[in-house]
Amino acid sequence: MKKYEHSPSGSNFVENDEYNLLMTSMRVSVSKHLLDDHFTVVWANDFYYDLIGYPKEEYEAVFENQCDRFFRSNTDDWDGIVAAAMGAFEAGELRYEHITRMRHKDGHMIWVRLVGTYTEDVIDGYHIAYTVMSDISDIIRMQKEQTVTYNSIPGFIAKFRIRESQIELVDANERFLYFFDHREQNALVNLNTPENEAALRESFPIMRKGKPVRFTMEARDKEGHAVWLQLNGDCIDTIDRDPVYLMVYIDITDLTRQRELQKETNMRLEQLAFVDPVTGGFNRTCFELKAEEAIKAAPAGTYALVWMDVQKFKLLNEMFGVESGNEALKYIHGVIRSSLEEGEYVSRTSADNYSLLLKAAQKREIEARLNDIAEKVNHFNKDAEQKYILSLTAGVYYVEDPKLPIMQIQDRANVARENIVRKADAKLCICMFYSELDQLRLMKEKEIENRMRDALEKEQFVVYLQPKQSLRDGTIAGAEALVRWLDPERGLIPPNDFIPLFEKNMFIVKLDLYVFERVCALLRKWIGHGEKPVPVSVNMSRAHLLDRDFLKRYEDIRQRYNIPAELLEIELTETLVFENPDVLMQVIDTFHRGGYHCSMDDFGSGYSSLNVLKDIDIDSIKLDKAFFGSEEMDNPRERDVVTSVLELAAKLKMTTVAEGVETDAQKDFLKGTTCDLLQGYIFSRPVPPEEFERMTFGRTLS
């Protein structure tokens, strides 16, 4: 083989990871060869080795990167490659193409198409060629099968004369005549349908010009069964300038039925992928695709995105059942969709939340429009004796930057909605518009998220204890563990600045367990110093309930410190009762089996009722400060309600704690009731453990 001198001009081809990945993902083999006697492989992408079945290391070890050695079992094919590649190169051409066979490692032969491009690169005196190799076995196999089929078909072949105004049957074989059950035929098929007539109108002028045609038509066999035939025709002769066509009929009935079935399947899959099963409208995925497309196609400021929420919808589910709740969600979606203009979209995003993409307008116009939607939603109340008002909240974000991801746009609208404070005289739909303050809050939350893990590892979260005073003898009978963030740069960060965020991002789970461990360490220290410890309550977020084995993590900590379970009380918020009372009862049973006490925090702050005391096997309840609205306790109805709740809890053998007590009048009133414990600023704020120890044991324990 002729050798060539090295060319300094270099090559435009680049073998890099990105190019290799792209070619491999397209299942295309790319390789670089010397134009020597062996076509030595200099470099190849991953699919080159996948295609031939040999891993790179094995290929190099067995064949030493020499292609002629790889083709030793089929030298004829190798000779064809050499002739094609070198013939084109020596003729001065820039590239060559060649189809050949190649033996896979497992022994079977595959067909490949080689497309080589010559470069000016020279290594050791040999020019370099890049070769793209693709597996075309299926194509070759199909061509061969088709050729054999066409050559062997004894029937469904007919010859037609394409006259100026009609198609005339010239000749046909027996199978054609048997299928159509007649000896004479002046049309391509025996069934007149709109689809057949349309196909014929399109194909007839082409056949008059003598050009090849291929189309599909429906026919009936002699039993009357419908079949689908693919007609392949070409002009083979002329009679008085009329083209004569040989038509080959292929029965594609099964294929057509499969396509129809596939079409139906695709439609069902599309429904699953893009249709909300509750409303029948767009689901979140479909909405985000359409909204993002519309936003990016329009000038900045064209659209506003609205995140809308139906207030207290869970209560509707509780009262009327999930099925009725779903009907309500579908009804609300229908009202919203009927209020949209061209180019606007709506989707039920999740649960009772809706996303709306609206044309931007002045704030008062958007507020009026959303309130009009709320009025229409509540139209069913017009003649109802007992009205059930569906109130809405909506956060609005004006899309000034179309490049923002749609999820970020939705998040900003939802941030605006979360800032809503509902008033007693509010409209049916309260709107809040996203502002820079919201952006600052998001940045602040992001900063907290960036620091929270490091802060936990460095024990910047500290436990404070708020004493619980016995109303019988004035002693400290317990404590509630509360967490504070002692940042070395920012000082003491109050829990309201980070707890809500941690509940959203699930970091609260780690923080709860951290606080629980600090409490266990304190109890162990008190016991070790010979003091009689008081029970300490710790808060448990609902996020723990996502793990069925959540108690095991608590138990592992408690047992490590060898703390009696009865010294630990788990505080659960009353919202858990409303959201899922069955789950709450299971949780309480789980804790009781472990020997823990359970209390319900914030009783009376939201959805609590006396019925809860009957259903939930709780050990103690903490009366929310909402019970103590008057500082002097001079409201007779207020006193009666508090007294009744306390007496009922006492009859149920529940310990009662009054929290948020701030005045002497409130404390004196509680002393005359069955209330057991007091927790509030009138006695003590939350204090560090050292100060709590001085208050409880009269000394600080080292």
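These legends accompany close-up views of a predicted model.

**View 1. A mixed five-strand sheet, with the order E12-E13-E11-E14-E15.**
Start by following the strands across this open sheet, whose pairing is mixed. At the edges you will find strand E12 (345-350) and strand E15 (429-433); each has a single partner strand, so one side of each is left without a neighbour in the sheet. On average, neighbouring strands here are turned by 25 degrees against each other, direction ignored. E12 and strand E13 (residues 353-359) run antiparallel and are joined by five bridges. To find your place in that pair, look for Val 346, whose bridge partner in E13 is Leu 356. Helix H13 (residues 363-377) lies across strand E11 (303-310), E13, strand E14 (392-398) and E15. The helix runs at about 150 degrees to E15.

**View 2. Helices H10 and H14 packed together.**
Two packed helices are described by the angle between their axes and the distance between the axes. For helix H10 (residues 284-297) and helix H14 (residues 406-418), the angle is about 100 degrees and the axes are 10 Å apart. H10 is therefore roughly perpendicular to H14. On the H10 side, the contact is made by Arg 284, Phe 287, Glu 288, Ala 291, Glu 292 and Ile 295. H14 contributes Ile 406, Met 407, Ile 409 and Gln 410. Sorted by class, the contact of H10 with H14 has six nonpolar, one polar and three charged residues.

**View 3. An antiparallel five-strand sheet, with the order E7-E6-E10-E9-E8.**
This sheet is open, and its pairing is antiparallel. Strand E7 (167-172) and strand E8 (213-220) are the edge strands, each pairing on one side only. Neighbouring strands of the sheet are turned by 35 degrees against each other on average, direction ignored. Strand E6 (residues 157-162) pairs with E7 in the antiparallel sense over five bridges. A handy landmark is Ala 158, which has Ala 172 as its bridge partner in E7. Helix H8 (residues 194-208) lies across E6, E7, E8 and strand E10 (242-251), and runs at about 145 degrees to E8.

**View 4. Strand E21 and the strands it pairs with, E20 and E22.**
Five of the seven residues of strand E21 (residues 597-603) are buried, so the strand is largely enclosed by the rest of the structure. Strand E20 (residues 568-573) pairs with E21 in the parallel sense over five bridges. Within that pair, the bridge partner of Leu 572 is Met 600 in E21. E21 also runs parallel to strand E22 (residues 620-623), and three bridges join these two. Here, Ser 599 stands opposite Ser 620 in E22.

**View 5. Thr 100 in strand E3 and His 104 in the loop that follows, between E3 and E4.**
Look for Thr 100 in strand E3 (residues 95-103). Thr 100 counts as buried because its relative accessibility is 3%, and the cut-off for buried is under 20%. The side chain of Thr 100 makes a polar contact with the side chain of Asp 77, at 3.5 Å. Leaving aside residues up to four places away in sequence, Thr 100 touches Asp 77, Ile 81, Ile 110, Trp 111, Val 112 and Leu 114. His 104 sits in the loop between E3 and strand E4 (109-123). With a relative accessible area of 18%, His 104 is buried too. With the same sequence neighbours set aside, His 104 touches Asp 50, Leu 51, Ile 52 and Gly 53.

**View 6. Positive phi at Phe 39 and Arg 241.**
Most residues other than glycine have a negative phi. Phe 39 has a positive phi, near 50 degrees, and is a residue other than glycine. Phe 39 is found in the loop between strand E1 (29-34) and strand E2 (41-44). The phi of Arg 241 is also positive, at about 70 degrees, although this residue is not a glycine. Arg 241 has its place in the loop between strand E9 (226-239) and E10. Which of the two is buried and which is exposed? Phe 39 is buried, with a relative accessible area of 6%, whereas Arg 241 is exposed, with a relative accessible area of 80%.

Conventions. Residues numbered from 1 in each chain as written. Heavy atoms only, no water. Pairing = 2+ DSSP bridges. Helix = DSSP H or I, 4+ residues; strand = E, 2+ residues; numbered from the N terminus. Axes fitted to C-alpha atoms, helices over the stretch in contact; angles between N-to-C directions. Contact = heavy atoms within 4.5 Å. Parallel < 35°, antiparallel > 145°, perpendicular 65-115°, else oblique. Nonpolar A, V, L, I, M, F, W, Y, C, P; charged D, E, K, R; others polar. Buried < 20%, exposed > 50% of the residue type's maximum accessible area, 1.4 Å probe, protein only. Polar contact = N/O pair within 3.5 Å; in protein donor to acceptor, adjacent residues only side chain to side chain.
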